[in-house]
Amino acid sequence: MGCSTCSTKNGAVSGCRNNGGCSTGGCNKMNVFDWLSNMEFPSLSTFDIVEVKFKNGHKDFFRNTKDVDLTTGDAVVVDVPNGYHIGHVSLQGELVRLQMQKKKVPNNDQIRTIYRIATEQDLEKFHKVGNREMPTLYRTREIIQKLGLSMKLSDVEYQADNNKATFYYSADSRVDFRELIKVLAGEFRIRIEMRQISLRQEAGRLGGIGSCGRELCCSTWLSDFKSVSTSAARYQNLSLNPSKLSGQCGRLKCCLNYELETYMSALKRIPEVNRPLKTRKGEAVLQKTDIFKRIMWFSFAGESAWVPLSAQRVQEVLELNKRGEVPDTLIEDHIIAKSDSGVLNNDLVKMDKKFQKKHNPKRRNKRKKKN
């Protein structure tokens, strides 16, 4: 999906030169590619609900009751409580129906309508209103500090009609901001809405670069946040280091859940070792497990060397211990006894050595020289 400032010229991409971010916000954040845009559906009627994207990836559904000819990326004026707002069309057609089913949004009369495509005057006014957001953010933080409220203000979003402003904040406990709303309403002469968000949502709105070197998942494509526990790190044999497992939001990284199902299915083929393995040499303690290669390393007390064993061999030793049997070593159940043939043939070897000494030609030559 592109915009007017990033359109191609003579086959080369011009770019908006906004240091990695699109100036209109329509090229790089929470984009959706319509795979069904070139497909023809058997029904003549098209789905009249459109998905519209707002600042920082917030999306909502609106009904195109006036049959406005829309294209993905168009700026539209939509109906919101107590006014209107401007957003960009992110998805339309049958994919919107699937998205509504996925997010469990009912198709009823509560879905608001699209007024029209935004004109140049609407966009100019929206741009002027947007310029008030940063000064309002800094001034509100000063007011919060003076009032001594334990809350963190992360973002401010003005409505396109300049009648309402939404303040996004995060806090560990309940905050009484009634006095704050009075001060803000008297200073900015605007309707105030305070909306509490989680730390993960705050990181998604602010954006940033993760430890992997890529842009944060929560600010690019991840919209549903699932709970992440330390057990996900344990199953993947990761060290429980908070500095490495925590993201920029201060919570456990969402990417810990990406490969968890693969590890869980692979762990079904790995035996559970809840106690040391008993051998005649001693007790062997589990040190490390390679889940996909199915190799487990054990070590004895007082030894630094690790013994690698296959998962099948570990299962065999566990079964022997359950029956009360103790193998000689981790690798073999019984040590093969040495045959007595070596002892019997030892005398023959000594006789051969003596015979070779008697018939050694070098010794004969030494005797001739002495004579």
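This briefing covers the overall make-up, two sheet regions, one helix and the ring interactions of a predicted model. The protein has twelve helices and 14 strands (DSSP runs, H or I of at least four residues for helices and E of at least two for strands, numbered from the N terminus). Of its 371 residues, 33% are buried (under 20% relative accessible area with a 1.4 Å probe, protein chains only; exposed is over 50% and partly exposed is in between).

Residues are numbered from 1 along each chain as its sequence is written, and side-chain values use heavy atoms, with hydrogens and water left out. Because the model is predicted, local features need pLDDT of at least 70 and side-chain atom pairs count only at pLDDT 80 or more, while totals for chains, interfaces and linings use all residues.

**Overall**
- The exposed surface of the protein is about 25200 Å², with 51% supplied by carbon and sulfur atoms (Shrake-Rupley method, 1.4 Å probe; for residues, only the protein chains shown count as cover).
- Among contacts (heavy atoms within 4.5 Å) with a separation of 6 or more, 57% are between residues 24 or more positions apart.

**Strand S9 and its partners**
- All seven residues of strand S9 (164-170) are buried.
- Lys-164, Thr-166, Tyr-168 and Ser-170 point one way from S9, and Ala-165, Phe-167 and Tyr-169 point the other way.
- Strand S8 (152-158) runs antiparallel to S9 and is joined to S9 by six bridges (strands pair if DSSP finds at least two bridges between them).
- Val-156 has Phe-167 of S9 as its bridge partner.
- Five residues lie between the strands in the S8-S9 hairpin, where Asn-162 takes a positive phi near 60 degrees.
- Strand S10 (191-196) pairs with S9 in the parallel sense over six bridges, and Arg-191 in S10 is the bridge partner of Lys-164.

**Sheet S11-S12-S13-S14**
- These four strands form an open sheet in that order, with antiparallel pairing.
- S11 (277-278) and S14 (307-310) each have a single partner strand, so one side of each edge strand is without a neighbour in the sheet.
- S12 (283-290) and S13 (295-300) are joined by six bridges, and Val-285 has Ser-299 in S13 as its bridge partner.
- Helix H9 (311-322) packs on the sheet and touches S11, S13 and S14, with its direction at about 90 degrees to that of S14 (axes are lines fitted to C-alpha atoms, for helices over the stretch in contact; angles run from 0 to 180 degrees between N-to-C directions).
- Ile-295 belongs to S13 and is partly exposed, with a relative accessible area of 27%.
- Leaving aside neighbours within four places in sequence, Ile-295 is in contact with Lys-288, Thr-289, Asp-290, Pro-308 and Leu-309.
- The C-alpha atoms of Ile-295 and Ala-311 are 5.9 Å apart, although 16 residues separate them along the chain.

**Helix H1**
- Glu-94, Leu-95, Val-96 and Met-100 are the buried residues of helix H1 (94-103).
- Their cover includes strands S3 (49-53), S4 (59-63) and S6 (83-91).
- Lys-104, just after H1, has a positive phi of about 60 degrees.

**Rings and charges**
- The structure holds four aromatic pairs (ring centres of Phe, Tyr and Trp, its six-membered ring, within 6.5 Å; planes under 30 degrees apart are stacked, over 60 edge-to-face and the rest tilted).
- Tyr-169 and Phe-177 have ring centres 5.7 Å apart and planes at 70 degrees, so the pair is edge-to-face.
- Tyr-169 has a relative accessible area of 5% and is buried.
- The charged end of Arg-205 sits over the ring of Tyr-168, 3.7 Å from its centre (NZ of Lys or CZ of Arg within 6 Å of the ring centre and within 35 degrees of the ring normal).
- Lys-288 lies over the face of Trp-297, at 5.4 Å from the ring centre.
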